[in-house]
Amino acid sequence: MKFLIIGAGLTGSVIARVLAESGFQCRVIEKEKHVAGNCHTDRDPQTGILKHHFGPHTLHSDNSRVWQFIESFTSIEPYRHRKRAWVKGRAYPFPINLETVNAFFDEQLTEDNIATFLEAKAAPFYTDSPANFEDAALASLGQELYEGFFKGYTNKQWGRDPKDIPASVFRRLPIHFKKDSNVFHHKRQGQPREGYTKLVEKILAHENIQLENGRRFSRTAPTDEFRHLFYSGPLDEFFDYSYGRLPYRTLRFEHEVRRGTFQDCGTVNYCDEEIPYTRIFEHKHFSPWESFPEETVITYEYSHECSGNDRPYYPIHLSGQNSLYEKYVARAKEETRTSFVGRLGTFRYIDMDRAIEEALLAAETTVSCLTNGTAIPTFFHN
Ligand SMILES: Cc1cc2nc3c(=O)[nH]c(=O)nc-3n(C[C@H](O)[C@H](O)[C@H](O)COP(=O)(O)OP(=O)(O)OC[C@H]3O[C@@H](n4cnc5c(N)ncnc54)[C@H](O)[C@@H]3O)c2cc1C
């Protein structure tokens with residue numbers, strides 16, 4: 001029995017691996033020349049520095065099974081992600097924490113009185129049911145911090161006024177009332193020693209997996225030889241955008257090689273609206289076990305609306321505007337031989353640990369369905 005898996009990102013590769021280990025033949029087709037999809041890494045030809053091509057990636061998870069799965073293919077080096085936010089010519093620790101607030105307001109607050117200080121700042125904007133991102137940010141931090149750290153950045157990142165973005169987006173952002181600039185608090189955090197692309201190549205290295213790079217899937221191609229298809233490309237593209245395009249933000253990257261070291265952490269958010277880029281990331285910080293004191297590669301990241309042949313990065317979910325997505329979901333459910341998986345197949349932002357967890361579940365559910373003679377689901381996530 002044979003399966004066709006479209007896309008050799010983490011999702012497609014993990015599904016292929018589990019099915020291959022269960023004795024099934026898998027053909028994986030990937031339109032790019034490389035595997036690993038959005039987390040593709042390779043060496044910069046000039047400096048040898050490991051480069052994160054489509055945005056900086058950090059592994060962080062509380063799921064021990066996912067961690068063990070990754071560790072069965074690569075060693076994971078310790079890494080804790082650090083960020084700063086650049087506001088009006090000065091870099092602050094980020095996410096916002098006690099140190100940020102003290103530096104920004106030139107105060108000497110402690111863990112005991114920071115909450116009272118911020119409550120006073122937020123009091124003029126108090127509401128217990130904020131209608132949007134701006135209301136939620138003002139009601140929690142007050143005007144200065146909102147305008148400094150979030151207003152311009154959110155406008156650039158999403159191309160939308162924060163008043164048009166749901167309050168839930170702000171509520172997901174961490175704010176710490178103590179000295180704590182950890183971006184993530186998961187039990188396990190790190191980076192695969194040889195990068196993400198080598199990890200995915202190892203996941204795909206199995207005698208039951210046949211990988212074809214540089215091949216784009218089209219629905220008109222014959223697929224009768226396959227028992228079932230797993231599609232991890234964009235949901236709307238599968239149906240030739242017949243209802244229109246699902247909204248995404250895309251990113252443009254400008255890479256630069258420089259001497260020495262540019263910044264003291266992996267990522268700096270540029271919050272001021274006048275600065276056209278949203279972030280600068282410096283690749284060598286993501287592989288701290290490697291030593292490149294002489295040279296560095298930095299990347300300027302610009303965000304804009306996705307159209308034409310742009311790569312889709314961040315799905316845009318605005319309240320009350322999911323009807324297009326729901327139409328595609330209904331259409332997908334009419335496909336009896338295809339499952340839609342991964343970040344693009346399900347039109348969601350998912351972290352890598354979640355992508356792996358869901359891919360393990362998809363493959364294991366498929367094996368059970370074949371054993372029990374039940375239908376393989378169109379979607380596996382809730
Ligand atoms: C900017 C950015 C930064 C991120 N940073 C982090 C992070 O720090 N930590 C974290 O855990 N997660 C991060 N993520 C999320 C992470 O990138 C995803 O979890 C992961 O890429 C999901 O893998 P996937 O296989 O589902 O999708 P993808 O990686 O997008 O893989 C899909 C694959 O399908 C291929 N494909 C598409 N259409 C076709 C077709 N028609 N025919 C053939 N092949 C096709 C694509 O080329 C691609 O290789 C980040 C995401 C973004 C956008």
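**Why is it called that? A tour of a predicted model**

Guide: Welcome! This is a predicted model, and we start at Ala36, which has 26 C-beta neighbours inside 10 Å and so counts as buried.

Visitor: What makes Ala36 count as buried?

Guide: The cut-off is 20 or more other C-beta atoms within 10 Å. Ala36 has 26, so buried is the word for it. You'll find Ala36 in the loop between β2 and β3 (41-43).

Visitor: Why is Asp240 called buried or exposed?

Guide: Exposed goes with 12 or fewer of those neighbours. Asp240 has 10 other C-beta atoms within 10 Å, so Asp240 is exposed. Look for Asp240 in the loop between α9 (235-238) and β12 (248-259).

Visitor: What is there to notice about the phi of Ala36?

Guide: Phi of Ala36 is near 90 degrees, a positive value in a residue that isn't glycine. Asp240 isn't a glycine either, and its phi is positive too, at about 50 degrees. Most residues other than glycine have a negative phi, so a positive one gets pointed out.

Visitor: Which peptide bond is cis, and where does Pro95 sit?

Guide: That's the bond from Phe94 to Pro95, with omega near 5 degrees. Pro95 lies in the loop between β8 (90-94) and α3 (98-105).

Visitor: What makes up the shell around the ligand?

Guide: By class, 13 nonpolar, 12 polar and 7 charged residues. In total, 32 residues surround the ligand, and the closest are Gly7, Gly9, Gly37, Gly233 and Gly342. Elements giving two or more residues to that shell include α1 (10-21) and α12 (352-372).

Visitor: Why do those glycines go with the polar residues?

Guide: Glycine is counted as polar here, so that is the class for Gly7 and Gly9.

Definitions and conventions:
Residues numbered from 1 in each chain as written. Predicted model: local features only at pLDDT ≥ 70, side-chain atom pairs only at ≥ 80, totals over all residues. Near = placed C-beta within 6 Å. Helix = DSSP H or I, 4+ residues; strand = E, 2+ residues; numbered from the N terminus.
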